[in-house]
Amino acid sequence: MIQPKILRPLLIPAVVRKRCYALVNAGVVPGEPEQNKRTRVINISSLIAASLVFFFGGLLTILSGRTVILYPAIPETLLFTSVILLNYRRQYFLSSLIWHFTFCSATLIFGVMLSTVIDATHMAGYLIGGPLLIFPRKEKKLLAACIFCSVAALVGIEVITQLRIIPPLEIESSLYPLFRVATWSTVILLNVVVILFYLQQNNVLIGKLSNANAKLSNAAVKLSKESFYKTVYVNETTHELRSPLNALYAINKLLQDEDLSDEDRKRMHESIDYSVNQALEIINNVLALAKIESGQTIPVNIQPLNVRDWLQDAVQLFAYQASVKNLVITAAVRPGTPETINFPRIQVTQVLNNLISNALKFSKKDTEVKIEVHAAGEFWYITVQDSGTGMTDDTLAKLFTPYMSSTENNPSGTGLGMHIALKIAEQLGGSLTAETKIGTGSRFTAKFRTDLAVSPVLYTAPQVNAMYPAKVLIIDDDIIGSRLYGKMLTGMGCTVEIAHTGAEGLRMAEQNRPDIVFLDMRLPDTDGRELLQVFKSHLSLYAVPVVFVTGSNLREDKVAAWDLGADDYVVKPMQLSTLTRILREFTPH
């Protein structure tokens with residue numbers, strides 16, 4: 001609301017100020033800033049025009065003795081007053097038309113009557129510019145009517161005065177200055193109102209533009225950061241996956257040896273299983289970094305684990321990588337360390353992998369990497385000693401800073417591994433510290449609590465011999481994966497059919513209605529989500545449970561699946577325990 005501060009210095013009585021304030025804000029409503037600005041401008045200009053027409057019209061009539069001046073002055077004063085009344089009643093469109101029509105008619109009438117004294121074309125800027133500045137461009141009819149009325153009034157003045165259709169009033173020359181002052185006062189005041197409104201609108205637009213630019217700038221910075229983080233994510237995932245992938249590569253080479261014993265082959269198959277699971281765990285763990293950075297807690301599964309077996313499995317992943325530099329990895333569990341300790345294998349293994357990977361990277365060729373596990377009091381410790389050149393104090397101080405990497409010795413590193421390891425250790429109530437000495441290498445110590453409570457079992461462990469005599473349809477273009485799932489399901493007592501395209505899967509379902517469908521999200525001939533909609537709208541298949549089994553772990557894909565009516569959503573690879581849960585939940589048995 002406009003406050004009548006301008007009126008106060010003039011020492012106008014409070015009652016008059018309040019009346020003027022009420023007139024200026026007649027028709028103003030909360031929550032409509034643009035409409036309110038227009039309403040106030042129209043009210044102010046109407047109030048100024050009505051006052052000038054009434055007082056100057058009366059004064060000029062008295063001084064000139066020509067009562068004919070009052071004939072248009074009185075109705076125009078009433079019309080300007082009616083404009084404020086219409087705004088008060090919120091008849092904005094009608095008040096705008098009458099407002100501009102009254103200005104045009106006043107300009108025409110007084111321009112003709114007083115043509116010997118004044119030049120009414122000085123009002124041209126106000127008559128044409130006012131509507132263009134005040135009314136929004138979307139009100140095309142109102143703008144067209146106002147501009148037509150303005151042009152008609154100005155052209156009418158010229159035509160009437162040039163052809164002398166209506167003769168002007170005869171005014172004494174001594175009154176010319178007074179008439180000119182009255183005219184210029186009106187023109188200046190009205191144009192000042194419009195200019196002030198224009199400046200106000202201009203400031204608003206500049207403010208909006210500045211805010212928009214600021215938002216765009218922030219968005220650009222955010223996009224740049226997101227792009228950087230995506231690059232880091234790809235690099236870090238690749239970096240972390242090297243350990244299990246190197247192990248798989250080495251095992252593949254060793255399995256080609258025909259002299260391997262059955263025991264060695266069994267052990268290598270166990271290592272393959274461990275490496276594959278470890279690769280999946282690494283991907284999930286890196287994805288969880290976003291939750292770490294946002295302050296969220298990563299869900300952990302704490303179970304009692306044999307420390308020596310766990311350490312042996314973890315170290316074995318790096319055997320091939322160590323052999324490239326002819327490094328020896330020694331791993332020992334200090335006497336007095338408990339046989340089993342409660343800890344989350346996924347997270348603690350991720351910490352150990354980071355430490356071993358860095359130790360192998362920075363150690364000199366033909367040297368040794370030492371790993372030791374020991375317990376003391378309420379904590380147990382993992383220490384990893386490399387045989388590198390050590391770190392400077394500056395590098396040590398920034399070691400756990402996100403994205404900090406020693407580019408001199410580690411040009412391909414992202415500087416994220418140590419940060420992830422530290423955050424995981426801290427979340428588990430422990431810590432990660434580093435000691436270094438130039439020339440002899442660095443020693444890292446991860447500390448974890450020994451009193452972590454075992455996580456509750458969320459579901460009953462699956463029984464291998466559990467039988468689920470259900471008809472299962474798998475629709476997946478992954479031939480090897482679908483065969484594996486089919487074999488697992490067959491072993492659980494299911495009758496399995498496999499289709500590798502959406503059309504083939506729909507045909508099989510129509511011919512032999514399944515009890516459950518496992519559906520891939522992306523098929524060669526259709527989108528899995530579209531096929532899901534076909535199933536859910538099918539007269540005989542709408543009640544069949546459909547479970548998405550896909551490689552996509554994107555949140556938007558999961559949300560879309562739930563919204564379309566999917567009964568479950570599983571990220572590949574699907575474990576036996578997951579299959580058991582789904583069959584128990586969605587099929588008759």
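Cys146 is buried, with a relative accessibility of 2%. In this predicted model, Cys146 takes part in no disulfide, and the nearest cysteine sulfur, that of Cys149, lies 7.4 Å away. The notes below cover the cysteines and then a five-stranded open sheet with parallel pairing.

**Cysteines**

- The number of disulfides comes to zero, taking a disulfide as a pair of cysteine sulfur atoms within 2.5 Å.
- For Cys146, the nearest cysteine sulfur belongs to Cys149, at 7.4 Å.
- Cys494 is also buried: its relative accessible area is 6%, and the cut-off for buried is under 20%.

**Sheet order and edges**

- The strand order of the open sheet is β9-β8-β10-β11-β12, and its pairing is parallel.
- The edge positions are held by β9 (495–499) and β12 (568–571); each has a single partner strand, so one side of each has no neighbour in the sheet.
- On average, neighbouring strands of the sheet are turned by 20° against each other, direction ignored.

**Strand β10 and its partners**

- Strand β10 covers residues 516–519.
- In regular strands, side chains alternate between the two faces of the sheet.
- Ile516 and Phe518 point one way from β10, Val517 and Leu519 point the other way, and all are buried.
- Four bridges link β10 to strand β8 (residues 471–475) in the parallel sense.
- Within the β8 pairing, Phe518 of β10 is the bridge partner of Ile474.
- Three bridges link β10 to strand β11 (residues 546–550), again in the parallel sense.
- Val546 in β11 is the bridge partner of Val517.
- Between β10 and β11 the chain passes through helix α17 (residues 528–537), and this β-α-β crossover is right-handed.

**Strands β11 and β12**

- β11 and β12 run parallel and are joined by four bridges.
- Opposite Thr550 stands Val571 in β12.

**Helices on the sheet**

- Helix α16 (residues 502–511) packs on the sheet and touches β8 and β9. The direction of α16 makes about 145° with that of β9.
- Helix α18 (residues 555–564) packs on the sheet as well, touching β11 and β12. The direction of α18 makes about 155° with that of β12.

Methods: Residues are numbered from 1 along each chain as its sequence is written. This is a predicted model: local features need pLDDT of at least 70, side-chain atom pairs count only at pLDDT 80 or more; totals for chains, interfaces and linings use all residues. Side-chain values use heavy atoms; hydrogens and water are left out. Buried means under 20% relative accessible area, exposed over 50%, partly exposed in between (1.4 Å probe, protein chains only). Helices (H or I, at least four residues) and strands (E, at least two) are DSSP runs, numbered from the N terminus. Two strands pair if DSSP finds at least two bridges between them. A crossover is right-handed if, with the strands pointing away from the viewer, the path from the first strand over the helix to the second runs clockwise. Axes are lines fitted to C-alpha atoms, for helices over the stretch in contact, and angles run from 0 to 180 degrees between N-to-C directions. Contact means heavy atoms within 4.5 Å.
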